[in-house]
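Please look over the sequence and the structure shown here, and then follow the explanation below, which goes from single loop residues to the packing of helices.

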Amino acid sequence: MAQKPELVGRSIPQAAQLPAVSGLGLDSDKARFHLIDALAQHFQLDSSLVEVMRAVPRHRFVEPAFVSRAYEDMALPIGHQQTISKPSTVARMLDRILKHHHGQDRKYLKILEIGTGCGYQAALLSRLFGEVFSIERIKDLHLLAKKNLRGMQCFNLRMLFADGLKGLAQAAPFDAIIAAAAGDSIPEAWTQQLKPGGILLTPVTSANGQVLEQVIYLGHGNFQHLQLDAVRFVPLLQGTR
Ligand code: SAH
C-alpha cells in the first residue's frame, strides 16, 4: 500500500550562504573543514558523518582543472558527461540514512549505491557502514573510481561494473539503497531488494523536474513513500558502456 507522497524537508542552501573557498594546495584540509563544518551546522549533520566528510579529500576525486573548486558546494565534472554530486546533497542523503538507522550498529548495515562515478560517496559509505556495494555502468568511471580509491583502505567496499537498474540480487537484501542518477520511475528491483525497515533514497524525474524520493520498506509488501527536496542529478541510463 503506497502512501500519497508528501513534500517535506529543508531546501538546499544557496551557494552564497556557504563559505567561499580559495587557495587550495596545502590549504585543502582547511578549506574542506570550512565547508563541512558549515554544512554540519546548517543541516545538523550526524557527528560520524561530519567526521568522515572531514577525513575524505574530495579534491582527489575531481578533474585536475576543478581541484580549486572541490570545496565549494557544487557538482563538478568527472568526465563522460557525469558529475561528482554536490557535497550538501551527498551529506543530506547519507545523514538521512544514518538517522533512519539510528540506534543500530552501523557495522552490521549493508548498503547498495547505484552510480559509483568517481567513487567519492562510495569512500564515505565504506567508512560509515559495515558492507558496501557500488555499481557503475560506464567502464571508464568504474576504473577511475578504483584508481581514486586505491590506498584509501576501503576493504568493505565492492565496486561492480554493471547496469544498476537491476539492483544487485546476489547481495540483497539491503538496509539502504542510494542512487546518484535520476530515472522517470523507481526500478522495482530496488524496492524489492530492501530489508524490512530498509530505506531507499533516489532522485526521480517528473514533469516538474527532479525530486529526491524516499521509500521505506515496512515489511509484508508495504512501502512508505515520501517526496523530499528538489534536486539535480545526471540521468539513470540503461545498459553498460
Ligand atoms: N556517487 C557519485 C556520483 C556519480 S554521478 C559521487 O560520489 O559523486 C552518477 C553516476 O551514475 C554516473 O557515473 C553514471 O554513469 C551512473 N549511472 C547512471 N545510470 C546508471 C545505471 N543504470 N547503473 C549504474 N550506474 C549508473
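**From loops to helices**

His80 sits in the loop that runs between strand E1 (76–79) and strand E2 (82–84). The model in which His80 is seen here is a predicted one, and the angles, distances and accessibilities that follow are to be read with that in mind. The phi angle of His80 is near 55 degrees, which is a positive value in a residue other than glycine. Most residues other than glycine have a negative phi. With a relative accessible area of 29%, His80 counts as partly exposed, because the partly exposed class covers the range between 20% and 50%.

A second residue with a positive phi is Gln44, where the angle is near 50 degrees and the residue is again one other than glycine. Gln44 belongs to the loop between H1 and H2, and its relative accessibility is 55%, so that it counts as exposed, the cut-off for that class being over 50%.

The two helices on either side of Gln44 can now be taken together. Helix H2 (residues 47–55) packs with H1 at an angle of about 160 degrees, and their axes are 9 Å apart. That angle makes H1 roughly antiparallel to H2, because angles over 145 degrees are counted in this way. The crossing in which H1 passes H2 is right-handed. On the side of H1, the residues that meet H2 are Arg32, Phe33, Ile36, Asp37 and Ala40, and on the side of H2 they are Val50, Met53, Arg54 and Ala55. Sorted by class, the residues of this contact of H1 with H2 are six nonpolar and three charged, with no polar residue among them.

H1 (residues 28–43) also has a contact with helix H3 (residues 87–100), and here the axes come within 11 Å and cross at roughly 50 degrees. H1 and H3 are therefore oblique to each other, since an angle of this kind falls outside the parallel, antiparallel and perpendicular ranges. The crossing of H1 and H3 is right-handed. Leu35, Leu39 and Phe43 make the contact from H1, while Pro87, Ser88, Arg92, Asp95 and Lys99 make it from H3. By class, the residues where H1 touches H3 comprise four nonpolar, one polar and three charged.

Helix H4 (residues 120–128) is described here by how far it is covered, and eight of its nine residues are buried. The buried residues of H4 are Tyr120, Gln121, Ala122, Ala123, Leu124, Leu125, Ser126 and Leu128.

The last stop is the loop between strand E5 and strand E6, where two residues deserve a look. One of them is Gly164, which is found in this loop and which, with a relative accessible area of 6%, is buried, because buried means under 20%. Leaving aside residues up to four places away in sequence, Gly164 touches Ile114, Ile135 and Trp190. Gly164 and Ser134 are 30 residues apart in sequence, and the distance between them in space is 8.7 Å, C-alpha to C-alpha.

The other residue is Pro173, whose place is likewise in the loop between strand E5 (157–161) and strand E6 (174–179). The peptide bond that leads from Ala172 to Pro173 is cis, with omega near 5 degrees. Most peptide bonds are trans.

Notes: Residues numbered from 1 in each chain as written. Predicted model: local features only at pLDDT ≥ 70, side-chain atom pairs only at ≥ 80, totals over all residues. Heavy atoms only, no water. Buried < 20%, exposed > 50% of the residue type's maximum accessible area, 1.4 Å probe, protein only. Helix = DSSP H or I, 4+ residues; strand = E, 2+ residues; numbered from the N terminus. Axes fitted to C-alpha atoms, helices over the stretch in contact; angles between N-to-C directions. Parallel < 35°, antiparallel > 145°, perpendicular 65-115°, else oblique. Left-handed = near helix turned anticlockwise from the far one by under 90°. Contact = heavy atoms within 4.5 Å. Nonpolar A, V, L, I, M, F, W, Y, C, P; charged D, E, K, R; others polar.
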